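Thanks for asking me to look this over. Here are my notes, in the order I would go through them with the model open.

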Amino acid sequence: MLFARDPLVPFTNNRGERDLRMSKVKQKVSGCFRSEIYAHAYCRITSYLQTMAYKGVNPMIAIQMALAGELGGE
């Protein structure tokens, strides 16, 4: 019941489920990943973009930062 006292605590803890939803949709739409290498690459890229989005960084800026070798987002 901490969420009732602290407005910063989310009502549910399904953030992990929401984070996985897009990869499951991708798998359903395309049928499967062609190889394990591409599945790992997809997971790594989406994880990075989701993390940067949670930090408030625009996805295009995040991609530019990654290509420039910057760790930023702070």
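Which residues of α3 are buried? They are Ala-39, Tyr-42 and Met-52. The points below start from that helix and work outwards; please keep in mind that this is a predicted model.

1. **Helix α3.** This helix covers residues 36-54. It has 19 residues, and the distance from its first C-alpha to its last is 27 Å, close to the 27 Å expected at 1.5 Å a residue. An α-helix has 3.6 residues a turn, so residues three or four places apart point the same way. With that in mind, have a look at where Ala-39 and Tyr-42, two of the buried residues of α3, sit on the helix.

2. **Gly-56, after α3.** What follows α3, and what is the sign of its phi? The residue is Gly-56, with a positive phi near 90 degrees. Gly-56 belongs to the loop between α3 and α4. Gly-56 counts as exposed because its relative accessible area is 64%, above the 50% cut-off. Its C-alpha lies 25 Å from that of Leu-2, and the two residues are 54 apart along the chain.

3. **Both ends of α4.** Helix α4 runs over residues 59-68. At its N-terminal end, Asn-58 acts as a cap, with a side-chain oxygen 2.7 Å from the backbone nitrogen of Met-60. Beyond the helix comes Gly-69, and the phi of Gly-69 is positive, near 80 degrees.

4. **A nonpolar patch on the surface.** Met-1, Phe-3 and Phe-11 make up this patch, and together they have about 390 Å² of accessible area. Phe-3 is part of helix α1, residues 2-5. Is Phe-3 buried or partly exposed? Phe-3 is partly exposed, because its relative accessible area is 30% and buried would require under 20%.

5. **Arg-21 in α2.** Arg-21 is located in helix α2. Arg-21 is classed as partly exposed because its relative accessibility is 46%, between the 20% and 50% cut-offs. Measuring tools in your viewer can be set on Arg-21 and Leu-71: their C-alpha atoms are 26 Å apart in space, and the residues are 50 apart in sequence.

6. **Confidence.** The average pLDDT of the protein is 80, and 93% of the residues score at least 70. Where is confidence lowest, and where is it highest? The lowest is in helix α2, residues 15-30, with a mean of 72, and the highest is in α4, at 92. When you read point 5, remember that Arg-21 is in α2, the helix with the lowest confidence.

How values were computed:
Residues are numbered from 1 along each chain as its sequence is written. Side-chain values use heavy atoms; hydrogens and water are left out. Helices (H or I, at least four residues) and strands (E, at least two) are DSSP runs, numbered from the N terminus. Buried means under 20% relative accessible area, exposed over 50%, partly exposed in between (1.4 Å probe, protein chains only). pLDDT is the predictor's confidence in each residue, from 0 to 100. Patches are made of residues with over 30% relative accessible area and no salt bridge: like charges are joined within 9 Å, nonpolar side chains (Val, Leu, Ile, Met, Phe, Trp, Tyr) within 5 Å. Accessible areas come from the Shrake-Rupley method with a 1.4 Å probe; for residues, only the protein chains shown count as cover. A salt bridge is a side-chain nitrogen of Lys or Arg within 4 Å of a carboxyl oxygen of Asp or Glu. The expected span of a helix is 1.5 Å times one less than its number of residues. A polar contact is a pair of N or O atoms within 3.5 Å; within protein, one must be able to donate a hydrogen and the other to accept it, and residues adjacent in sequence count only if both atoms are side-chain atoms.
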